[in-house]
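Colleague: I'm new to this one and would like a close look at a single part of it. Could you walk me through the parallel sheet and whatever packs on it?

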Amino acid sequence: MTAIPQGGATYVVVGGGQAAAWIARTLRTEGFTGRLVLIGEEPHWPYERPALSKAFLQGTGSVEAITLLNPTLAEEARVECWLGQRVTAVDRAARIVTTADGRSVAYDTLFLATGGRARRLPGLDSLPSDRVHTLRTLTESERLRGALAGARHLLVLGGGWIGLEVAATARALGVAVTVVEAAPRLCARTMPPVVSDWLHTLHESHGVRMVTGVGVAGVTGTAGGIAVTLADGGRLEADHLLLGIGIEPEVGLAAAMGLALDDGIVVDAQGRTSDPGIFAAGDVARHPNAFAGTSLRLESWANAQNQAIVAARAALGGTGVYAEIPWFWSDQYGVNVQMLGLPGLGTHAVARGTPEAGSGCWLMLDGSGVAVGAVAVNAARDLRVLRKLLEDGRAPLPGAWTDTTTPVQRLPSRPNVGLD
């Protein structure tokens, strides 16, 4: 690491989520002594989001448990937090950030951790606002929790991870749930069919009605809630509607600044944007991923934290790069699901144990025999060992992977290359 900027420098972080908090915390722990300003659009102190669809939504979590930077920590770390402030402009030539309330701050280095916003369907703005929900922020989770407290039936549009986690939480609260997914199967964008089928069965076993392979033709308000007309002519009614159809990276500011974009802010392996004085990290950043062999924009807890740490260190002269294998987890009905790599690219699943019965791990191979990822069900330990193997460029022999009498770390392995 080269010299760390001292006293006179000002670093500004735009964003108030997990990546923003970790940038600020890392800058201080790595020795940055200058002025540090964090500008967040939400009124809340920076927090982690995974609990918003699980414990916090269910009412068993707390704001304190998910907060990453509170007034005490911010004071100790000398981080100026401008919360509830929207950045309206960045003058790259003058290096000045301006907020909606007219404040401005000059920066030496700028970080963008603007995250994403929940995707909405067009034409829903005329519906009763207390009946239509998205789930991206703490405020939205609090609002949905209040709605579920008096609801009989929740309709979820979108069979991805957020939609499924909310469905599981709503069922735990005794609310009837219908999930509508336009694709033929659940989580089709990221998961292989064997995992989609298992998720389908898991949710149906807990009373969720699944409607897959059919889109939505229209949504209207009713006297007691909302009604959805399906593309096949079917009609569904519910008290409340959750849109779980993904997020869009919040790139409006970066676009206005003229930074390179490609479904997110394009960054290098250290989080540096097309402007060398500006870094980006978290859900909004598209980075080169060595495991995937292409660039990725990841929406995960691990990516938000670890990419932010790399970017902060790089801004201080660090030489480390962000080169982690994608990893993501979910909890539904007390079942822990962990995903490693890019399992959706796999064409052949080799099961260790019986994941479909609640304990095991699918190793996913592509057509040439390369291990492209894995999905573990209540088998986090096996996945950790597998992760180390893949990081070393190796993979277990597929035939040995099924041997549950031998610990994963003792299984014979091979270079993770094609077998053709």
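Modeller: Sure, let's start with a right-handed β-α-β unit made by β1, helix α1 (residues 18-29) and β2. Right-handed here means that, with the strands pointing away from you, the path from the first strand over the helix to the second runs clockwise. Helices (H or I, at least four residues) and strands (E, at least two) are DSSP runs, numbered from the N terminus. The model is predicted, with local features needing pLDDT of at least 70 and side-chain atom pairs counting only at pLDDT 80 or more, while totals for chains, interfaces and linings use all residues. Residues are numbered from 1 along each chain as its sequence is written, and side-chain values use heavy atoms, with hydrogens and water left out.

Now the strands. β1 (residues 10-14) runs parallel to β2, and five bridges join the two; strands count as paired if DSSP finds at least two bridges between them. One place to find this pairing is V14, which stands opposite I39 in β2. Strand β2 also pairs with β3 (residues 79-83), again in the parallel sense and over five bridges. Here you can look for L36 opposite V79 in β3, and for L38 opposite C81 in β3. As for cover, β2 (residues 35-40) is mostly hidden, with five of its six residues buried. Buried is under 20% relative accessible area, exposed is over 50% and partly exposed is in between (1.4 Å probe, protein chains only).

Step back and these strands belong to an open sheet of five, in the order β3-β2-β1-β7-β19, with parallel pairing. β3 and β19 stand at the edges with a single partner strand each, so one side of each has no neighbour in the sheet. From one strand to the next, the twist averages 15 degrees. Strands of a sheet pair through backbone hydrogen bonds, either parallel or antiparallel.

Next, the helices. Helix α9 (residues 301-315) packs on this sheet, touching β1, β7 and β19, and its direction makes about 170 degrees with that of β7. The other helix to look at is α1, which lies across β1, β2, β3 and β7 (109-112) and runs at about 170 degrees to β2. Contact means heavy atoms within 4.5 Å, and the angles, from 0 to 180 degrees, are between N-to-C directions of lines fitted to C-alpha atoms, for helices over the stretch in contact.

Stay with α9 for a moment. It has 15 residues and reaches 22 Å from its first C-alpha to its last, close to the 21 Å expected at 1.5 Å a residue; the expected span is 1.5 Å times one less than the number of residues. α9 is mostly covered, with 13 of its 15 residues buried. After α9 comes G317, whose phi is positive, near 105 degrees.

From here you can move to Q270, which sits in the loop between β18 (265-266) and β19 (278-280). With a relative accessible area of 13%, Q270 is buried. A polar atom of the Q270 side chain lies 2.9 Å from the backbone oxygen of G318. Setting aside neighbours within four places in sequence, Q270 is in contact with F279, V310, A311, A314, G318, T319, G320 and V321.

For contrast, have a look at another sheet in the model. It is open, with three strands in the order β4-β5-β6, and the pairing is antiparallel. β4 (87-91) and β6 (104-106) stand at the edges, each with a single partner strand, so one side of each is left without a neighbour in the sheet. Neighbouring strands in this sheet are turned by 15 degrees against each other on average, direction ignored. Four bridges link β4 to β5 (residues 96-99) in the antiparallel sense, and D91 stands opposite I96 in β5.

Back to the part you asked about: if you trace the five strands in the order β3-β2-β1-β7-β19, then find α1 lying across β1, β2, β3 and β7 and α9 touching β1, β7 and β19, you'll have the whole walk.

Note on methods: Polar contact = N/O pair within 3.5 Å; in protein donor to acceptor, adjacent residues only side chain to side chain.
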